[in-house]
Amino acid sequence: MEFPKTLATPLNYVPIAVIERATGLLFARMMKEHPGLFERLGEHKAKRFAFLPSDVPLAFVVEPGRASIRVLRKSGSPLSADATVEGPLFMLLALLEGRCDADALFFSRDLNVTGDMEAMLAMRNALDDCDIDLPRDLSTLAGPFAPMFGRMAEGIRRRALTREGSAWN
């Protein structure tokens with residue numbers, strides 16, 4: 001399932017600082033929920049990992065050593081990363097949660113990985129070990145609306161994975 005163009009297009013006009021602030025809040029919550037997320041990276045912890053959703057005009061660069069995330073416009077300055085993965089946003093989120101087979105997606109060319117493959121494999125292994133569940137982990141940010149947000153996000157995830165034909169691990 002692709003991210004809807006009606007939602008992706010406005011991202012070209014929203015100030016990058018606003019998008020980066022929102023993304024930073026979500027990233028900080030993930031780090032709070034999974035404090036050891038990047039420990040398994042070992043020597044690759046100092047590297048930069050870029051995540052490029054093919055259906056969104058943004059790029060996300062994660063620096064595990066600094067526990068930080070940057071958001072850039074794809075049309076902007078050149079991207080600097082040690083390892084890059086590109087694919088549809090919902091597929092990248094499913095990979096973050098370990099809900100689809102990264103090897104199968106890579107070999108079927110649904111996912112494009114470039115740069116330091118060893119570092120990206122270490123990142124994949126680190127993510128697989130963390131039991132990330134985005135609706136569960138992020139719904140607490142909605143305060144008293146957490147249960148409703150969690151159910152809605154779970155439904156979106158289920159539809160996105162069903163449409164992609166992705167297998168649950």
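## Working through a predicted model

The protein has an accessible surface of about 9,500 Å², and carbon and sulfur atoms own 59% of that (Shrake-Rupley method with a 1.4 Å probe; for residues, only the protein chains shown count as cover). This is a predicted model, where local features need pLDDT of at least 70, side-chain atom pairs count only at pLDDT 80 or more, and totals for chains, interfaces and linings use all residues. Residues are numbered from 1 along each chain as its sequence is written, and side-chain values use heavy atoms, with hydrogens and water left out.

### Exercise 1: the overall build

Work out how many helices and strands the protein has, and why it counts as being as compact as a globular protein of its length.

Step 1. Start with the elements: there are 7 helices and 5 strands. Both are DSSP runs numbered from the N terminus, helices being H or I with at least four residues and strands being E with at least two.

Step 2. Walk along from the N terminus, and the order reads α-α-β-β-β-β-α-α-β-α-α-α.

Step 3. Now check the radius of gyration: it is 15 Å, close to the 15 Å that the globule rule gives for 169 residues, so the protein is as compact as a globular protein of that length. (The radius is taken over C-alpha atoms, and the rule is 2.2 Å times the number of residues to the power 0.38.)

Step 4. For the outer dimensions, the C-alpha atoms fill a box of roughly 40 × 35 × 35 Å along the principal axes.

Step 5. Turn to the inside: 44% of the 169 residues count as buried. Buried means under 20% relative accessible area, exposed means over 50%, and partly exposed lies in between (1.4 Å probe, protein chains only).

Step 6. Finish with contacts, meaning heavy atoms within 4.5 Å. Of those with a separation of 6 or more, 64% come from residues 24 or more positions apart.

### Exercise 2: the ring pairs

Find the aromatic pairs and say where their partners sit.

Step 1. A ring pair is described by the distance of the centres and the angle of the planes. Rings of Phe, Tyr and Trp (its six-membered ring) pair if their centres lie within 6.5 Å; planes under 30 degrees apart are stacked, over 60 edge-to-face and the rest tilted.

Step 2. The structure holds 2 such pairs. In one, the rings of Phe-3 and Phe-90 have centres 6.0 Å apart and planes at 45 degrees, so this pair is tilted.

Step 3. Place the partners: Phe-3 is in the segment before α1 (5-8) and Phe-90 is in helix α3 (residues 89-96), so to speak distant parts of the chain, 87 residues apart. Phe-3 is buried at 18% relative accessibility, and Phe-90 is buried with 18% as well.

Step 4. Next come Phe-27 and Phe-38, with ring centres 6.4 Å apart and planes at 25 degrees, so they are stacked. This pair links helix α2 (residues 16-33), home of Phe-27, to the loop between α2 and β1 (49-53), home of Phe-38, 11 residues apart.

Step 5. Check burial again: Phe-27 counts as buried at 12%, and Phe-38 does too, at 4%.

### Exercise 3: charges that meet

Trace the salt bridges of Arg-136, then look at Glu-39.

Step 1. Side chains of opposite charge can pair when their charged atoms come close. The cut-off here is a side-chain nitrogen of Lys or Arg within 4 Å of a carboxyl oxygen of Asp or Glu, and the structure has 8 salt bridges.

Step 2. Arg-136 bridges to Asp-131, with the closest N and O atoms 3.7 Å apart, and to Asp-137, where they are 3.0 Å apart.

Step 3. Compare the surroundings: Arg-136 is partly exposed at 41%, Asp-131 is exposed at 54%, and Asp-137 is buried at 0%.

Step 4. Put it together: shared partners join Asp-131, Arg-136 and Asp-137 into one network.

Step 5. Elsewhere, Glu-39 pairs with Lys-45, their closest N and O atoms being 2.9 Å apart. Glu-39 is exposed at 53%, while Lys-45 is partly exposed at 25%.
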